[in-house]
Amino acid sequence: MRIDIITLFPRMFDGPFRESIIARAIAAGIVEIHIHDLRGWATDRHRTVDDAPFGGGAGMVLKPEPLFAAIEQLRGENGHVILMTPQGQVFNQQLAADLATYNHLLFVCGHYEGVDERVREHAIDRELSIGDYVLSGGELPAMVVVDAVTRLLPGTLGSHLSTVEESHAGGLLEYPHYTRPRDFRGWRVPDILLSGNHAAIARWRHEQAVRRTLERRPDLTRKYLPHLLQEHKDGDEDAGATTTSGL
Ligand code: 9D3
């Protein structure tokens, strides 16, 4: 897979892509990642890429000319152009699996108040957010998406796991993990894990995963374990309106 990233802050990408799974995927030739400074497509001597919003208001907007020039040069034949924006579809594991099927992704990292609307309308294939909190730009979100996608590419560490095995896509949180020592400061590893009874261990782990999901993630419970819920029938979406049955 080829990945291009257009940004005003190319140095932000120096660290994360040189470590861990992404670094190994690059070294193995599974993915190539190219970081581009948007200012390289500015045409005036001040290398201007932003301007004040028409209609007034605070902040600056990324101008269309440099962004269109960069996207048109980099997208090639089959580049899939993704704008990182708080207004995008919220990224999840299923979207990661979908993006992993493309040969070429091109990320546009917004900054300041955002990009000129004509860029969004005419040069972008999809818009993604990574969740409902305010960040200062699309750079960290692009890194998050690149990480989640890269580890799914054939030949990388995460790629052999089926989506069902992946905690969030599978709909269950993980069971608790333990390693040595068996007794740490008097806190002991559950006996069942030392029993050698693999069927019993598998049952215990599944029960722990279900219990954890019920306690911590009413949203996942509603989606994947609806039979374990007794919801109040007044349409209240609040987690507090949920009671658990079983376990
Ligand atoms: C304070 C500025 N806000 C005005 C109401 C709007 C706004 C513009 C730009 C808020 C954040 C940003 C920068 N964030 C991103 O570009 C971004 C983002 C995010 O903030 N959260 C989650 N996912 C993403 S993807 C891109």
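Q: Which residues come nearest to the ligand in this predicted model?
A: The ligand has 16 residues around it, and Y112, I130, G131, Y133 and L135 come nearest. A residue belongs to this group if one of its heavy atoms lies within 4 Å of the ligand.

Q: What makes the approach of I130 to the ligand a polar contact?
A: A polar backbone atom of I130 is 3.0 Å from a nitrogen atom of the ligand. A polar contact requires a pair of N or O atoms within 3.5 Å, and therefore this pair qualifies.

Q: What makes the approach of Y133 to the ligand a polar contact?
A: Here a polar backbone atom of Y133 is 2.8 Å from a nitrogen atom of the ligand. The limit is 3.5 Å, so this pair also counts as a polar contact.

Q: What makes the approach of L135 to the ligand a polar contact?
A: An oxygen atom of the ligand lies 2.9 Å from a backbone N or O atom of L135. The pair is within 3.5 Å and therefore counts as a polar contact. Taken alone, the ligand exposes 570 Å², of which the protein buries 70%.

Q: Where does the ligand sit?
A: The ligand sits in the largest pocket. To sit in a pocket, a molecule must have more than half of its atoms within 2 Å of the grid points of that pocket.

Q: Which strands each supply at least two residues of the shell around the ligand?
A: Strands β5 (80-90) and β7 (126-129) each do so. The largest share, 3 residues, comes from β5.

Q: How many residues of each class does the shell around the ligand have?
A: The shell has 9 nonpolar, 6 polar and 1 charged residues. Gly counts as polar in this scheme, and Tyr counts as nonpolar.

Q: Why is T156 called buried?
A: The relative accessibility of T156 is 10%. Buried means under 20%, so T156 counts as buried. T156 is found in the loop between α5 (139-150) and α6 (167-170). A polar atom of the T156 side chain lies 3.4 Å from the backbone oxygen of T150.

Q: Why is R188 called exposed?
A: The relative accessibility of R188 is 54%. Exposed means over 50%, and therefore R188 falls in that class. R188 is found in strand β9 (residues 187-188). Its C-alpha atom is separated by 9.6 Å from that of Y178, 10 residues apart along the chain.

Q: Why is R185 called exposed?
A: R185 has a relative accessible area of 68%. This value is over 50%, so R185 is exposed. R185 is placed in the loop between β8 and β9. Its phi is near 55°, a positive value in a residue other than glycine.

Q: Why is R47 called partly exposed?
A: The relative accessible area of R47 is 42%. Partly exposed is the class between 20% and 50%, so R47 belongs there. R47 lies in the loop between β2 (32-37) and β3 (50-51). R47 has a positive phi of about 55°, although it is not a glycine.

Q: Why is D147 called partly exposed?
A: D147 has 36% relative accessibility. This value is in between 20% and 50%, and therefore D147 counts as partly exposed. D147 lies in helix α5. The C-alpha atoms of D147 and F17 are separated by 8.5 Å, and these residues are 130 residues apart along the chain.

Q: Where is P181 found, and what is the omega of the peptide bond from R180 to P181?
A: P181 is found in the loop between α6 and β8 (183-184). The peptide bond from R180 to P181 is cis, with omega near 5°.

Note on methods:
Residues numbered from 1 in each chain as written. Predicted model: local features only at pLDDT ≥ 70, side-chain atom pairs only at ≥ 80, totals over all residues. Heavy atoms only, no water. Polar contact = N/O pair within 3.5 Å; in protein donor to acceptor, adjacent residues only side chain to side chain. Areas by Shrake-Rupley, 256 points an atom, 1.4 Å probe, with all protein chains shown as cover. 1 Å grid on protein atoms, 1.4 Å probe; cavity = no way out; pocket = protein on both sides within 12 Å on 5 of 7 lines; lining within 4 Å. Helix = DSSP H or I, 4+ residues; strand = E, 2+ residues; numbered from the N terminus. Buried < 20%, exposed > 50% of the residue type's maximum accessible area, 1.4 Å probe, protein only.
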